[in-house]
Amino acid sequence: VRGEPFLIDHLVRLAALNAALQGVREGLAGHAWTDADLIAFEKYLASLDLLADYKYTMRGERAFNLGGLDYLRRDWKGNPLAYVSASSESSGFGFNWMPSGWFYQNMRLIGETYRNYILPAVDESNRLVSPKYNDIMVRELDKRRMSPYNVFAKMLLPSLSKASQRSARSQALVDETRIACALERYRMAHNNFPDTLEALAPEYISKIPNDLFGGRPLHYQKNTDGTYILYSIGWNLRDDGGVTVLRKGSTPTQDPNSGDWVWTYPAK
């Protein structure tokens, strides 16, 4: 699904990738991989650019949003909301009488939101992600009262607000897994983990990926029990010392908005 320019395809791909990386992580914890395995994993993961894929997906979504609204503007004979309705009710026919200008106003707002917030949130060339654009976009949409000039924009755009976060989280996990593979190769060669990540390049990895937030090096800490902690400062842009915050629930999961994005060994 990598070539599909839609957000749902991108999110499915991220979920599948994250599941695969969990397998790599379990193998690293059990020292199950050979040096050749680790080289192959790192080489493949280095070829992934999920930030560039995010931009490709968002440009596709923008084209789909604008093209779809223009189709609804012209297709006055049908029910323009039938495709989002689970029933056969004809409540959407009220939009049949919307002047073209109202559709154009929605298209303008959608286009401006992509231009000002959704696309700039990710700088794939410099491998940087800026959470502030998400926050500003959500505030800008929330403060607008529902009207014919923004009704479609307010329905379509909020669902995109977390796309950059999910892409960044998966890319951070890819980067951390690459480093973890290099760390394991170093351990196999020296019977210990290095004191700093700089010891890995260029023999075990060509270049250490930087943190997506701020561009500084990822944080690494060698533990006395023969393990280590590797983490990005995450969405809150604050170094929390490698602390992971869990969401409450029957199956606790990491809260992507709080704490650091940590790569650790699974509990023994």
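**Burial, cores and salt bridges, reasoned from cut-offs**

Me: What share of the 268 residues of the protein chain count as buried?

Reply: In this predicted model, 43% of the 268 residues are buried, and the word applies to residues under 20% relative accessible area.

Me: What is the secondary structure of the protein chain?

Reply: The protein chain has seven helices and seven strands. Along the sequence, their order is α-α-α-α-β-β-α-α-α-β-β-β-β-β. The C-alpha atoms fit a box of roughly 75 × 40 × 35 Å along the principal axes. Among contacts with a separation of 6 or more, 65% are between residues 24 or more positions apart.

Me: Why is N65 called buried?

Reply: The relative accessible area of N65 is 8%. The limit for buried is under 20%, so N65 qualifies. N65 sits in helix 3 (residues 50–74). Beyond its neighbours within four places in sequence, N65 is in contact with I110, Y114, L156 and L160. The C-alpha atoms of N65 and L157 lie 9.4 Å apart, although 92 residues separate the two in sequence.

Me: Why is I8 called exposed?

Reply: I8 has a relative accessible area of 57%. Exposed requires over 50%, and therefore I8 is exposed. I8 is placed in helix 1 (residues 7–29). I8 also belongs to a nonpolar surface patch with F6, V12 and F64, and the accessible area of these four together is about 390 Å².

Me: How do you know how the span of helix 1 compares with what is expected?

Reply: The expected span is 1.5 Å times one less than the number of residues. Helix 1 has 23 residues, for which 33 Å is expected, and its first and last C-alpha atoms are 33 Å apart, so the span is close to expectation. After helix 1 comes H31, with a positive phi near 55°.

Me: Which residues of helix 1 are buried, and what covers them?

Reply: The buried residues are L7, D9, H10, R13, L14, L17, L21, V24, R25, G27 and L28. Their cover includes helix 2 (35–46), helix 3, helix 7 and strand 7 (261–264).

Me: What makes a set of residues a nonpolar core, and which members of the largest one touch the most others?

Reply: The members are buried nonpolar residues joined through side-chain atoms within 4.5 Å. The largest core has 33 residues, and M58, I118, V129, L157 and F213 touch the most other members. At least two residues of this core come from each of helix 3, helix 4 (100–118), helix 5 (132–142), helix 6 (151–156) and helix 7 (163–190). Helix 4 gives the largest share, seven residues. Outside the span of four places in sequence, L157 touches I110, T113, Y114, I118, M137 and L141. A second, separate core has 21 residues, including L197, L200, L218 and Y220.

Me: Why is the pair of E124 and K55 called a salt bridge?

Reply: Their closest N and O atoms are 2.9 Å apart. The limit is 4 Å, so the pair meets it. E124 is in the loop between strand 1 (122–123) and strand 2 (128–129) and K55 is in helix 3, so the bridge links parts of the chain 69 residues apart. E124, at 25% relative accessibility, is partly exposed, while K55, at 11%, is buried. The structure holds 13 salt bridges.

Me: What makes K143 and E140 a salt bridge, and how accessible is each?

Reply: The N to O distance for K143 and E140 is 3.2 Å, inside the 4 Å limit, and therefore the pair counts. K143 is exposed at 59%, and E140 is partly exposed at 25%.

Me: How do you know that D195 and K222 form a salt bridge, and where in the chain are they?

Reply: Their N to O distance is 3.3 Å, within the 4 Å cut-off, so they form one. D195 lies in the loop between helix 7 and strand 3 (219–222), and K222 lies in strand 3, so the bridge ties parts 27 residues apart in sequence. D195 is exposed, because its 63% passes the 50% limit. K222, at 30%, is partly exposed. Elsewhere, R2, R13 and D53 are joined into one network by salt bridges that share partners.

Technical notes: Residues are numbered from 1 along each chain as its sequence is written. This is a predicted model: local features need pLDDT of at least 70, side-chain atom pairs count only at pLDDT 80 or more; totals for chains, interfaces and linings use all residues. Side-chain values use heavy atoms; hydrogens and water are left out. Patches are made of residues with over 30% relative accessible area and no salt bridge: like charges are joined within 9 Å, nonpolar side chains (Val, Leu, Ile, Met, Phe, Trp, Tyr) within 5 Å. Accessible areas come from the Shrake-Rupley method with a 1.4 Å probe; for residues, only the protein chains shown count as cover. A salt bridge is a side-chain nitrogen of Lys or Arg within 4 Å of a carboxyl oxygen of Asp or Glu. Helices (H or I, at least four residues) and strands (E, at least two) are DSSP runs, numbered from the N terminus. Buried means under 20% relative accessible area, exposed over 50%, partly exposed in between (1.4 Å probe, protein chains only). Contact means heavy atoms within 4.5 Å.
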